[in-house]
Each structure stands twice: as C-alpha cells, then as structure tokens.
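Me: I am new to this structure and would like a close look at a single part of it. Please start with one pair of side chains and the element that carries them, and then work outward from there.

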Amino acid sequence: MQHELFDCPMAQSLNRSILMKFSDEFETRFAEMVPHYPTKRSALVPTLLYAQDEVGFLSDEVIAELAERLDLPVLEVHNVISYYSMLTTKPRGKFNVQVCTNISCLVRGAEDILHHCAKKLGVGHKGTTADGLFTLEEVECIGACSWAPAAQVNYDFHENLTTEKMDKVLDEYRRKATQ
Amino acid sequence: MADLVSHPDEVKVVSRRFGQGATNIDRYLEMDGYKAVQKALGMEPDAIINEVKNSGLRGRGGAGFSTGMKWSFVPKQSAKPKYVLCNGDESEPGTCKDRLIFEHDPHSVIEGVMIGGLAVGAQSAYIYIRGEYRYLLNIMQKAIRDAYAKGFLGKNIFGSGRDFDVYWHGGAGAYEVGEESALMESLEGKRGIPRIRPPFPAVVGLWGGPTVINNAETLASVPHIILGGAEWFAKIGPPKNGGTRLFCLSGNIAKPGVYELPMGYNLKKMIYEVGGGIPNGRELKAVVPGGASCPCLTADEIDVNMDFDSVAKAGSMLGSGGVVVVDDAQCIVKFALRTMKFYQHESCGWCIPCREGTDWLKKTLVRFHSGGGVMKDIDNMRYLAENMLGRTFCPLGDAAAMPTIAFVKKFRREFEDHLEGRPCPYEEEGALQQVPVMAH
C-alpha cells in the first residue's frame, strides 16, 4: 500500500480479495467519473455517497476499498466522511426520514411533523426503528422552502406536509417494504 | 416535481422554459437552445466579458458581485488549465431556486458554463450539485450526455475547432461547501474548509488553475444575455442591477413559490400582491429578505426595492433570493435560535471566531428560549456577534452574526419578554417545546 505509515492497522489487515464488490452500475459510473479529474481523489465525495447508497452505510470494507482505489490513506477518507452530513459510518434504516426544521419549515409547523414522526416511529433524532425500516433525522435546509414543511425520505422529496400527509408517506414506505 | 407558480408581474427570463419539457435536448433546441453558445463562439473573449459586464448581471449566489468583472480577473495566459465551476450547492435556508433551474432547464446551465469558458479561455467546466438533489444530478448527467451525443460538447464543438468538456459532480451534505473556496476543496475530494485569500480563485483555483465560480442562476442568465443583448437585460432592472431574480417566497405567506421578478421589485408588493399576503388573519412581523444570513426587516421596513443596492441601503442584503416571511404568531427568539443552530451545525470549525461564536450564541439562545436568560445575555449576544464580523476566513461567520445582531437590535423587547422565569409567550400553555437538539 502506498501510504502504509498512515493507514490504520485494521485496513492493512484486510485481505484485498475479500474487499467490497459493488454493482455494475456503480463500477460503470466510477470508471466514467475518475478520468473527469486531474487528481484521483477528486472523485471521493460523490463516490462515497454512491457507495453508501448501495451498502447502506460506509463500512470499514467500503472505506478501505475506496481508499485503495483512490490512493488515499484510510484515515484521510474517514476525515472527509466526518465532514459531510449525509455520509454515515453507522448502519441506518432502509428508509431515512429526514425532516427539515430550518426557518421556512419551522414557521409552517415543521416541529409538529418531526414530533409526529418521532411518536409514530418511536425513535428520536438519528434513531432507527427495531424492524430496521426507518431512521429519523432532523436535517438542515433541503431546498424545499417554498413547499414547506418538507421532508426527504432517502432522496425523495415530500412537500407541503401535514401530520396526516406524513402518516400516509410513512405508511406507503412501510407497505413498499413489506410487499 | 416541485410545484410551479405564476404571477402577471413576472418577467420570465431564466424561468421561461420552466414546465416546457426543456430537459429534453430537442425541445431545448426548439426554444433557442444552444444558440447563445454558437453566437459566443463567433465573439472575441473580451467582447463576451464586456457584454456580461454591461448587462449588469451580478452574482445570484448572494454576494452580488459583477459577473463580467469576475470573469475579467482571470489571467489571459496561464501555465495551468483554467476552469469554470458552477455552484449548485444551494443550501442557504430559504433558497430553492437553483433546484428549479436544474429540474426544468439543465441545458441553460451547460450553455452558461460553456460561454463562461469561452470568455475566460477555459476548456472544461464542472457543475457541482448538492448531494440532497440526487434527482437533479441525474437530470444533469443525462443533459450532459445528450449534449455530448449531439456533438455540442467534446472535441471541435459546433465545428469551431475548439474543445469543451462539462462534468457533473455531486456533494454529500454541507452548507459550507457553497462558499467558493470550500466548494473547490470539496470538488478536490477534501473536507470543505475555506481557503485563505489572496490568491483569489480567478488566479489560483481548482487544482491550482485559474477558476471562475458562479452560481447556477447566474450562469443560466448568461445565454439570455448573449442572445437578447446586454442593453435589454440591463433595462429589466434598475441601474447596476440588471435582469431578473428568482425570488423564493416562503414562510407565512398565502402563495409561496418561486417567482421571477425584475430586479428592484418592491418587497411590500412582492409579499402582499405576488405572495397574496399573510394568511390566517395574521400580521407581518418580520421578513428575511435574502436567505437566513441576511438581517431581518421589520414590518415597517419592507417598503424597499429588491435590488442589491437598495436592500443594502435598508441595512440588509438581497442575498440568494430567499424571502422568508414571518408572521406575528412566531417567536423571534426561537427563530433566531433555529437560525443559529443551523450556523453552529454548519460551521466547519476551521477558524475560532465562527466555531466558538456560533456555539456560544446557540447556547445562549437555547438558554434564553427555555426561560433561563438574563438581561446581560442580550448585550452579550450582540457583542459576540459583532466580534465575529469580518474576523473569519470565509463569510459563514458573518452569515451567522449579521442576522443575530438584527434580531437582538430590532426585537429586543421580545428577548426581554423571555427573561428569567418567564415562559416563552408564544408557546401554548403547558406545551413549552424546545427545538430538538441536533446531535450531529
């Protein structure tokens, strides 16, 4: 490895052959993306998010794999991950319910939506339901200000919310998961 | 996906293709698509820059700096490649306009970066879109692929003998990355920590090369300027404030939405006529005129024209076009607290006045809102905020300090109403809710 002095021992101990395998879609995109930049590491941030979308979170294996591919020390990849709010090294539910409570949403009842979700799901901020279906997260502005209050479930926007509408949204995701 | 609105006072320039299916490249071509870049290919770089300068186009991300001027700072000769970078990290609370541009008219942004590239002598551009906007990143990827397939991008564009590449890039959740030097760090695969300036990005930017960084709305305006002419664009707004703005009306307003109005449109008219006024029989209490970082205006300060210079004269900023309307049922202390929680959460921690200042202010506001504030906190908050101003590497510190100073100054009485032992007068009895604490 190129940066073994800075690499964490755990990553070094991992056998390359058992590292991550990603989907073909991921590989195609990765292969397309890397030559877009004069430096390999420039692909890091979007790549981390695409990897997280596949695996559910940024596991040690994912991090070691991407560090290897982009010629970075594992520690440096962790350093970058810790900066971005969408990136997580902890597993979370199948559906990440992100309720915005920033100013435009706040004045249109976002806290009621958030508390309603917390009550319905029985979890607090960054908590995951026992069945692993939902994680609840209070998030900063998601760019839905004119359609407030709003939430994102994974990448899908749900806007002009009321507690009743939020119920329907959550029920629909639960139905999708159990089908 | 997001609902579109309209009003007779709108002047549709940037939004003229919204809802018209312009994500389809053939449809875009039917609506004057890629004509501007072909025209620009026949112009001298200085002529493009002058046209943009004369149009009075100013940065739509918030700073309001002359776009043509910014382009003119890029050195003509450079040993390193030059770049154009589109800032689509839209995350200023109250702002949701770039989202509509990417959703409805992605090719206008591609054309904008191409024209910018021709003006400054760059051969490649990056379009950075915030991570939360995944569906827009997909739209942009397709738009770029379609443009390559038509031969509008790549080698020998439009048979001009010139090459131009455009790449998409996605973020992963960070307000700070909307600041231009942090944006470059993020694009280079690093934490979004601002760079100290000088050198400015126009001289030393992405990978050390001269870089022009513009907001998506700014770039989407450029093709219209090239086609319609600087004079036409400049005349839409008042002097030195050319064109239109996508104003994002949000908050306690009857008809929220993104409206494209001429620069200098009166704020009072915007709220009461375009936005339909304050619903539920409530009265206006305050307006944040240009996104969370702009000092609020009180109900009797809203007779102001929404252009960069007039709003600055009124003691605030036109900012990013996010007009957040607050009615008299809202608690300003809570509103100030939520604003500060945001800045505290998003501060990158690189410099002390911002990292510590936002945290102190948040803690003070939490205490205040929960009934534990004391009189001297009010002046302390203002003192703290005033000492953050101008003392940070990037404007995030200012963005946190400016609204706080305005809240404390303009709504001191409301802060006093929250003094020790008194419950928040705006919370329902027995239901004193705290804004949930972010655990990040």
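Reply: A good place to begin is helix 8 of chain A, which covers residues 163–178 and holds both Glu172(A) and Arg175(A), three residues apart, or about one turn of the helix. The model is a predicted one, and in it Glu172(A) and Arg175(A) form a salt bridge whose closest N and O atoms are 2.6 Å apart. Neither of these residues is classed as buried: Glu172(A) counts as partly exposed at 35% relative accessibility, and Arg175(A) is likewise partly exposed, with a relative accessible area of 40%.

The chain around this pair can be described briefly. Chain A has eight helices and four strands, and from the N terminus on its elements run α-α-α-α-α-β-α-α-β-β-β-α. Of its 179 residues, 54% count as buried, while its accessible surface comes to about 7,700 Å², of which carbon and sulfur atoms hold 53%. Among the contacts in chain A with a separation of 6 or more, 64% are between residues 24 or more positions apart.

Another helix of chain A shows what burial looks like here. Helix 3, residues 44–55, has twelve residues and reaches 16 Å from its first C-alpha to its last, close to the 16 Å expected at 1.5 Å a residue. This helix is mostly covered, since nine of its twelve residues are buried, including Leu44(A), Pro46(A), Leu48(A), Tyr50(A) and Gln52(A). The cover over the buried residues of helix 3 of chain A comes from both chains: it includes helix 2 (24–33), helix 4 (60–69) and helix 5 (74–81) of chain A, together with helix 7 (134–149), strand 3 (165–170) and helix 8 of chain B. Following helix 3 of chain A is Gly56(A), which has a positive phi, near 105 degrees.

Salt bridges also occur beyond the pair described at the start, and over all chains the structure holds 47 of them. In chain B, the side chains of Arg197(B) and Glu180(B) meet in one, at 3.9 Å from N to O. Because Glu180(B) lies in helix 8 (180–187) of chain B and Arg197(B) in the loop between that helix and strand 4 (211–215), the pair ties together parts that are 17 residues apart in sequence. Arg197(B) counts as partly exposed, at 22% relative accessibility.

Glu217(B) and Arg245(B) form a further salt bridge, at 3.8 Å from N to O. This pair links distant parts of the chain, with Glu217(B) in helix 9 (residues 216–228) of chain B and Arg245(B) in strand 5 of chain B, 28 residues apart. Both Glu217(B) and Arg245(B) are buried. Salt bridges that share partners also join Lys70(B), Glu179(B), Glu180(B) and Arg197(B) into one network.

The strand that holds Arg245(B) leads on to a sheet. Five strands of chain B form an open sheet in the order 6-5-11-8-9, with mixed pairing. Strand 6 (257–262) and strand 9 (297–298) of chain B stand at the edges, each with a single partner strand, so one side of each is left without a neighbour in the sheet. Within this sheet, strand 5 (residues 244–251) and strand 11 (residues 322–327) of chain B run parallel and are joined by four bridges. The bridge partner of Cys248(B) in strand 11 of chain B is Gly322(B).

How values were computed
Residues numbered from 1 in each chain as written. Chains lettered and ligands numbered in written order. Predicted model: local features only at pLDDT ≥ 70, side-chain atom pairs only at ≥ 80, totals over all residues. Heavy atoms only, no water. Pairing = 2+ DSSP bridges. Helix = DSSP H or I, 4+ residues; strand = E, 2+ residues; numbered from the N terminus. Buried < 20%, exposed > 50% of the residue type's maximum accessible area, 1.4 Å probe, protein only. Contact = heavy atoms within 4.5 Å. Areas by Shrake-Rupley, 256 points an atom, 1.4 Å probe, with all protein chains shown as cover. Salt bridge = Lys/Arg side-chain N within 4 Å of Asp/Glu carboxyl O. Expected span 1.5 Å × (residues − 1).
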